[in-house]
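Please open the model in your viewer and keep the sequence panel beside it. The tour below proceeds by selection, with a short account of what is found at each stop.

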Amino acid sequence: MFDTAHNGQSLSPPQRNIMANDFMTLRRHIQWRNLHTDVHSLRNVFLGRAKASLALQALGGGEKKFISVSHELNGNANVVFLLQNMKVPTCVLTVHGRLVWHWSPKGSDGADLVPRGAAPFLTAFFDRTMSLLWDNVNNMWSIQNDMVFMRPDRTLLHDDGSASSPLFFANQPTRVEVMRRRYLPNATTEVMRSVIEHFGSDAGVQAFIMSHLPTLPADRVEGALKDPASMLSLIQG
């Protein structure tokens, strides 16, 4: 667990034991629920803003002085608006990311004993789904339900030792093929992947293909559909 990929290579055996105990303490204070075995239970459901806030704080280490937290977010959130036949406009929002728990015990002066960049860490993916209701009085969306789903992160490094980018799901082969067939069926898979990887969202991909490409000379576009380098040149203008 505490290997080179997790900055654990420099730990002495006593430090490994201390860190393992610290993370076990953290795990005991987080009130998990396994959806594979306990999906129908109402255990660990927190009612009210105060209790929900405390539950989120516990997930981030709470008051533990040996844990600090950072996170990465996927730029593509899932958003669904439910407006028709609804008494109150409703929005269901899901954000995807990766949570990183850094082992960072403090010295007597309050300073980190291990610099953040070198601190051993553990990670997990999360999907946070919130249902929002429109508040006509205050003219704003308010959170009514907040659920956090955690998934293991097993892809820190590629086989060649380079860091993976597991939060970028859009360039997976099946996803590229779906997008190619939908928006650019005459392009090769490699060209479609280059377009997807350049833009940060599906909306950006669609805007480029539907609005920008038709304004360019047809012969240049035709050549770019077979050549990723030519397509990148069109994207960059």
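What follows is a walk through the chain as a whole, then its strands, and then a group of its helices.

**The whole chain**

Begin with everything displayed, and bear in mind that this is a predicted model. The chain has 7 helices and 5 strands, and colouring by secondary structure along the sequence should bring out the pattern α-α-β-β-β-β-β-α-α-α-α-α. Buried residues make up 31% of the 237 residues, while 56% of the contacts with a separation of 6 or more are between residues 24 or more positions apart.

**First stop: S70 in β1**

Select residues 67–73, which form strand β1, and within this strand pick out S70. With a relative accessibility of 23%, S70 counts as partly exposed. Now show the side chain of H102 as well: the side chains of S70 and H102 make a polar contact at 2.7 Å. Leaving aside residues up to four places away in sequence, S70 touches R98, L99, V100, H102 and R116. If you then add T123, the C-alpha atoms of S70 and T123 lie 9.7 Å apart in space, although 53 residues separate them in sequence.

**Second stop: the loop before β4**

Move to the loop between β3 (90–103) and β4, where A118 is located. A118 has a relative accessible area of 39% and is therefore classed as partly exposed. Drawing a C-alpha to C-alpha distance from A118 to W103 gives 9.7 Å, for a pair that is 15 residues apart in sequence.

**Third stop: T129 in β4**

Next select strand β4, residues 121–135, and centre the view on T129. Is T129 buried or exposed? Its relative accessible area is 15%, so T129 is buried, since the cut-off for a buried residue is under 20%. The side chain of T129 makes a polar contact of 2.8 Å with the side chain of T94. Beyond four places in sequence, the residues that T129 touches are V92, L93, T94, N145, D146, M147 and F149.

**Fourth stop: α4 against α5**

Hide the strands and select helix α4 (residues 189–198) together with helix α5 (residues 202–212), whose axes come within 8 Å and cross at roughly 120°. That angle makes α4 oblique to α5, and the crossing is right-handed. Which residues of the two helices meet? Show M192, V195 and I196 from α4, and V205, F208 and I209 from α5; the residues of this contact comprise 6 nonpolar, no polar and no charged.

Keeping α4 selected, colour V191, M192, S194, V195 and I196, which are the buried residues of this helix. To see what covers the buried residues of α4, bring back the neighbouring elements, including α3 (173–183), α5, α6 (218–224) and α7 (228–236).

**Last stop: α3 against α5**

Finally, leave α5 on display and select α3 beside it, where the two axes come within 11 Å and cross at roughly 35°. Here too the crossing is right-handed, with α3 passing α5. On the α3 side, show R175, M179 and Y183, which meet D202, V205, Q206 and I209 of α5. The residues of this contact divide into 4 nonpolar, 1 polar and 2 charged, whereas those of the contact of α4 with α5 include no polar and no charged residues. With both contacts displayed, V205 and I209 can be picked out in α5 as residues that meet α4 and that also meet α3.

Technical notes
Residues are numbered from 1 along each chain as its sequence is written. This is a predicted model: local features need pLDDT of at least 70, side-chain atom pairs count only at pLDDT 80 or more; totals for chains, interfaces and linings use all residues. Side-chain values use heavy atoms; hydrogens and water are left out. Axes are lines fitted to C-alpha atoms, for helices over the stretch in contact, and angles run from 0 to 180 degrees between N-to-C directions. Helices (H or I, at least four residues) and strands (E, at least two) are DSSP runs, numbered from the N terminus. Angles under 35 degrees count as roughly parallel, over 145 as roughly antiparallel, 65 to 115 as roughly perpendicular and the rest as oblique. A crossing is left-handed if the near helix is turned anticlockwise from the far one by less than a right angle, and right-handed if clockwise. Contact means heavy atoms within 4.5 Å. Ala, Val, Leu, Ile, Met, Phe, Trp, Tyr, Cys and Pro count as nonpolar, Asp, Glu, Lys and Arg as charged, and the others, Gly among them, as polar. Buried means under 20% relative accessible area, exposed over 50%, partly exposed in between (1.4 Å probe, protein chains only). A polar contact is a pair of N or O atoms within 3.5 Å; within protein, one must be able to donate a hydrogen and the other to accept it, and residues adjacent in sequence count only if both atoms are side-chain atoms.
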